[in-house]
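This report describes selected features of a protein chain, from its strands to its charged pairs and surface.

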Amino acid sequence: MPWGLRAHTLAEGDSGTWVQLFSAACVANGPSNTSGDIASFSYQFGPKLASWVKKFQSFSAIAESGKADFDTWAQLLVAYGNPDRAVDCCDTRFTITPSRAKALHAAGYRAVGRYLDEPAGSTLNKEIQPGELDAIFSAGLRVIPLWQYDARKLADFTYANGYSHGRKAHERAEGYGFNRSTVIYFAVDYDATQAEMDKIVDYFIGVNDALKSNGSKYITGVYGSRNVCASVAGGAFVPYAYVSGMSYGFSGNLGFPLPQNWAFNQIKEFNFSAGSDTFALDRVSHRPGADFGQNSVNQSGSSSVDQFIAYVQKVYDAAVAYGKGNANELCLQFMRWEKYTDSRWVKLFGDVDNAFIQFCVDRGLGRARDQEYLDPSMGVTISPDHLIASAAGYFLKGNAGVGKANRAELASWGGDLLTFYGEWSRSDNASPLDFCRRTLARPDVASTFSLSDLIEDIDGFTVAMKLKAGGTDIVTELRKILLGGGHKTRFSDFKAARFGNTTDGVKKSAKAFLEDDISDTLLSTTRAVLIDRNCPIHKKPWLESDSVMDEFYRGFAEVLQRLIDQQ
């Protein structure tokens with residue numbers, strides 16, 4: 001570590017060689033920030049660089065000074081950053097006794113990683129011990145469940161092993177009483193190279209399949225180098241990463257940015273002293289807002305999905321009590337308030353009953369967007385107001401059919417695909433197919449069309465179609481998706497219902513929305529405005545060659561099929 005950098009703090013207004021070196025380090029880190037954009041090489045520390053630095057600091061969970069201070073220099077240059085910076089998480093293979101738990105809390109730690117099990121024949125005794133969870137929780141700590149059976153060579157990583165480990169991890173987690181939606185981090189504890197990633201990904205697909213076959217009670221996380229975490233996130237759609245940053249010699253930590261889905265970053269191993277008791281401990285940085293382990297076990301009905309369904313029930317009860325209008329439509333109006341009920345939305349989809357919205361507010365009901373939940377299949381965070389906006393669009397305008405488009409698409413996947421096309425048009429990636437593969441719906445990449453967006457679009461479409469076909473009510477239909485089996489087949493169901501279950505149907509429907517003539521003048525005008533806003537003049541979809549646009553549509557269809565293949 002170049003400790004001399006402590007003497008070279010830089011700030012906005014500075015210039016010279018050190019600014020050039022610092023900005024070069026920023027560029028080399030790629031999209032390691034909250035918005036996923038890339039810094040520019042500069043001789044002057046100007047406002048744009050300062051803005052990027054603040055985003056990088058926020059993303060990296062270090063102090064947001066906007067300066068090139070030591071923590072920022074370190075975070076840019078090595079995988080573990082400043083190993084002595086303040087952190088609030090740790091992990092260890094040693095039992096956390098009541099005295100150790102109290103000492104960890106007193107030292108500022110708030111979560112500790114512990115192993116659910118260990119392979120037969122192991123003498124390390126590293127798994128969670130009887131009474132240990134009580135000691136952890138009583139001291140005010142959370143626990144981060146870890147899984148590692150060997151995992152130190154490529155031969156350990158097969159689909160069959162992944163499925164076996166996922167099944168055993170489910171059994172052990174359930175045996176300890178871990179709550180629904182707990183994330184379990186499965187380890188890749190060696191320097192896996194890029195050439196080995198396909199087999200690593202196969203292992204995690206096996207883990208996913210095992211957890212899904214057991215009711216999707218728990219969510220898959222990955223522990224490994226930066227490259228491992230990113231590759232697994234993109235290949236197996238794993239939503240949470242525990243980065244082995246202190247393994248600075250791993251090639252997978254050299255030249256790779258922190259993945260966008262990082263939750264924990266292991267930065268230093270040392271001996272922790274609790275009085276006369278000393279044991280090995282790893283210091284771990286936590287990204288605020290990401291998974292933070294669990295602070296309890298054996299809590300029935302406590303998942304964020306359950307809480308969201310309970311909220312929807314209250315909204316539906318209010319719609320019934322209101323006594324006017326269609327209760328399902330009123331629910332769709334209130335739950336997309338206020339982000340998706342402004343004048344632009346009213347123009348496209350009609351007026352909302354503001355008296356009903358006030359009626360709900362007076363009953364103490366808050367906005368749907370404050371009811372975020374973890375998707376039971378994919379583990380990503382879902383924004384209910386976006387889901388409901390998609391549902392409202394299709395409920396009001398219907399399904400245009402294969403190879404056609406209407407205003408409903410604007411509130412759903414079509415609008416997201418349009419902004420994503422704009423993202424490609426502004427990038428330096430010449431191949432739209434490659435851009436889709438690298439960016440679309442990947443948990444490890446900041447994108448205008450995230451996996452969460454796609455799930456919200458799809459579940460909204462499904463809810464609307466069920467209601468229009470005579471479904472009972474919005475509560476029942478959402479419960480079927482999120483607490484029943486609907487989430488397990490959502491991607492294939494969507495492809496069949498919206499696109500006729502063919503790749504050609506996906507491509508033609510996407511083309512209809514982005515390029516084809518639309519008889520709906522308002523939709524056509526709105527589309528043109530959005531394309532003007534998102535795309536360079538020479539990159540509008542209808543100005544591109546058919547081969548380029550076909551690549552883009554094929555990329556969308558391919559990503560959807562990959563999700564179907566991993567259901």
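The following paragraphs treat a central strand and its neighbours, then salt bridges, then a surface patch, in a model that is predicted.

**Strand 5 and its neighbours**

Strand 5 spans residues 219–224, and 6 of its 6 residues are buried, so the strand is largely enclosed by the rest of the structure. Ile 219, Gly 221 and Tyr 223 point one way from strand 5, while Thr 220, Val 222 and Gly 224 point the other way; residues of both sets are buried.

Strand 5 pairs with strand 4 (residues 183–187) in the parallel sense, over 5 bridges. In this pairing Gly 221 of strand 5 stands opposite Tyr 185. Strand 5 also pairs in the parallel sense with strand 6 (residues 240–243), here over 4 bridges, and Val 222 has Ala 241 in strand 6 as its bridge partner.

Helices connect these strands. Helix 7 (residues 197–213) forms a right-handed β-α-β unit with strand 4 and strand 5. Helix 8 (residues 226–236) does so with strand 5 and strand 6, again as a right-handed β-α-β unit.

**Salt bridges**

The whole structure holds 27 salt bridges. Three of them are listed here.

| Acidic residue | Basic residue | N to O distance |
|---|---|---|
| Glu 338 | Arg 367 | 2.9 Å |
| Asp 375 | Arg 490 | 2.6 Å |
| Asp 434 | Arg 438 | 2.8 Å |

The salt bridge between Glu 338 and Arg 367 ties together parts that are 29 residues apart in sequence, because Glu 338 lies in the loop between helix 10 (327–335) and helix 11 (343–349) and Arg 367 in the loop between helix 12 (354–362) and strand 9 (373–374). Glu 338 is partly exposed at 36% relative accessibility, and Arg 367 is partly exposed at 24%.

The salt bridge of Asp 375 with Arg 490 links distant parts of the chain, 115 residues apart: Asp 375 is in the loop between strand 9 and strand 10 (381–382), and Arg 490 is in helix 19 (residues 490–499). Asp 375 is buried, at 1% relative accessible area, and Arg 490 is buried at 2% relative accessibility.

Asp 434 and Arg 438 both belong to helix 16 (residues 432–439), where they are 4 residues apart, about one turn of the helix. Asp 434 is partly exposed at 26% relative accessibility, whereas Arg 438 is exposed at 52%. Elsewhere, salt bridges with shared partners join Glu 338, Arg 367, Arg 369 and Asp 370 into one network.

**A nonpolar surface patch**

Val 27, Ile 38 and Phe 41 make a nonpolar surface patch of about 280 Å². Ile 38 sits in the loop between helix 1 (17–28) and helix 2 (47–60) and is exposed, at 51% relative accessibility.

Methods: Residues are numbered from 1 along each chain as its sequence is written. This is a predicted model: local features need pLDDT of at least 70, side-chain atom pairs count only at pLDDT 80 or more; totals for chains, interfaces and linings use all residues. Side-chain values use heavy atoms; hydrogens and water are left out. Patches are made of residues with over 30% relative accessible area and no salt bridge: like charges are joined within 9 Å, nonpolar side chains (Val, Leu, Ile, Met, Phe, Trp, Tyr) within 5 Å. Accessible areas come from the Shrake-Rupley method with a 1.4 Å probe; for residues, only the protein chains shown count as cover. A salt bridge is a side-chain nitrogen of Lys or Arg within 4 Å of a carboxyl oxygen of Asp or Glu. Helices (H or I, at least four residues) and strands (E, at least two) are DSSP runs, numbered from the N terminus. Buried means under 20% relative accessible area, exposed over 50%, partly exposed in between (1.4 Å probe, protein chains only). Two strands pair if DSSP finds at least two bridges between them. A crossover is right-handed if, with the strands pointing away from the viewer, the path from the first strand over the helix to the second runs clockwise.
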